Amino acid sequence: MIRFDVLTLFPSIFDGFLSESILKGAIESGKLLVRLHNMRDWATDKHAGMDDRPFGGGPGMVLKADRVVPCVESVRAMEDQLGRLVMFTPQGRKFDQKLAERLAVEERLILLCGRYEGFDERVVELLQPDELSIGDYVLNGGEVAAMVLIESVMRLLPEVLGDSDSNKFDSFSSGNRLLDCVQYTRPREYRGLSVPEVLLSGNHAEIAQWRAENSLQRTKLRRPDLLDS
Ligand code: ADE
């Protein structure tokens, strides 16, 4: 069981995400618990707002430390287990499969989703979160990044995926630095395109060999950086 506490200004963004498919099943079977917290609920004076203009000028608004810090502290105190605090920002360390594997052993993760021009730096100084980015592009806020983290971590929990969805051989998982090979299903021929003969041969050794070669070729072509590392 892993518990996520998500702190956001827009909790309803997560509704559809959590109520379908594998995530829904994991929640129903008690392997995953996600608690959504609206940071606005901690604003003592609703008119004062969560954000303010940046000192020194410039565009946009900054999330206020005196709103966000008490909010994280009180969510933390909801459980004995303090949990690991993650903050989403394009300035963070790049999130990848290796980090997902490391986070999957945690019991509790607290995910802090920014908006606007981000957080007052004193939030970082006081709470010392792991600052994570999901890639070199800019989102409207951390919510989509939080969904990426939740989904990639929960797939790694024991018994969340059925055998048919097994994640052991996924691209990027530990011990696999190759892209997946191509896949085909019926029909054998479609619009003049046929399935490679070897996949129909029933010869498991040959199929394994062909797939390994296909993975390697695709990786060389598309992601040579994976072979360097
Ligand atoms: N917030 C805005 N852009 C982001 C990104 N790329 N990763 C994480 N959080 C973000």
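**Exercise 1. Determine how many residues of strand β1 are buried, and which way their side chains point.**

Solution. In this predicted model, local features need pLDDT of at least 70 and side-chain atom pairs count only at pLDDT 80 or more, whereas totals for chains, interfaces and linings use all residues. Residues are numbered from 1 along each chain as its sequence is written, and side-chain values use heavy atoms, with hydrogens and water left out.

Step 1. Strands are DSSP runs of E with at least two residues, helices are runs of H or I with at least four, and both are numbered from the N terminus. Buried means under 20% relative accessible area, exposed over 50%, and partly exposed in between, with a 1.4 Å probe and protein chains only. By this criterion 7 of the 7 residues of β1 are buried.

Step 2. In a regular strand the side chains alternate between the two faces of the sheet. In β1, Ile2, Phe4, Val6 and Thr8 point one way, while Arg3, Asp5 and Leu7 point the other way.

**Exercise 2. Place β1 in its sheet and find which strands stand at the edges.**

Solution. Step 1. Two strands pair if DSSP finds at least two bridges between them. β1 pairs with β2 in the parallel sense over 7 bridges, with Ile2 opposite Leu32 of β2; β1 and β6, which also run parallel, are joined by 5 bridges, and Phe4 has Leu109 of β6 as its bridge partner.

Step 2. The open sheet consists of 5 strands in the order β2-β1-β6-β5-β7, with parallel pairing. Because β2 (32-38) and β7 (130-133) each have a single partner strand, they stand at the edges, and one side of each is left without a neighbour in the sheet. Neighbouring strands are turned by 30° against each other on average, direction ignored, where axes are lines fitted to C-alpha atoms (for helices over the stretch in contact) and angles run from 0 to 180 degrees between N-to-C directions.

Step 3. The partner of β7 is β5 (residues 84-94), paired in the parallel sense over 5 bridges, and Arg93 stands opposite Leu132 in β7. Helix α3 (residues 65-76) packs on the sheet, touching β1, β2, β5 and β6, and its direction makes about 160° with that of β6; contact here means heavy atoms within 4.5 Å.

**Exercise 3. Identify which backbone atoms lie close to nitrogen atoms of the ligand, given polar contacts as pairs of N or O atoms within 3.5 Å.**

Solution. Step 1. A residue is near the ligand if one of its heavy atoms lies within 4 Å of it; the residues around the ligand include Phe88, Thr89, Leu132, Gly135 and Leu139.

Step 2. A backbone N or O atom of Thr89 lies 3.3 Å from a ligand nitrogen, one of Gly135 lies 3.1 Å from a ligand nitrogen, and a polar backbone atom of Leu139 is 3.0 Å from a ligand nitrogen. The protein covers 96% of the 270 Å² of accessible area that the ligand has on its own, as computed by the Shrake-Rupley method with a 1.4 Å probe.

**Exercise 4. Find where Tyr116 lies and what its phi is.**

Solution. Step 1. Tyr116 lies in the loop between β6 and α5 (121-127), and with a relative accessible area of 41% it is partly exposed.

Step 2. Most residues other than glycine have a negative phi, and most peptide bonds are trans. Phi of Tyr116, however, is positive, near 55°.

Step 3. Tyr116 is touched by Asn140, which is placed in the loop between β7 and α6 (143-154) and counts as exposed at 64% relative accessibility.

How values were computed
A polar contact is a pair of N or O atoms within 3.5 Å; within protein, one must be able to donate a hydrogen and the other to accept it, and residues adjacent in sequence count only if both atoms are side-chain atoms. Lists of a residue's contacts leave out its neighbours within four places in sequence.
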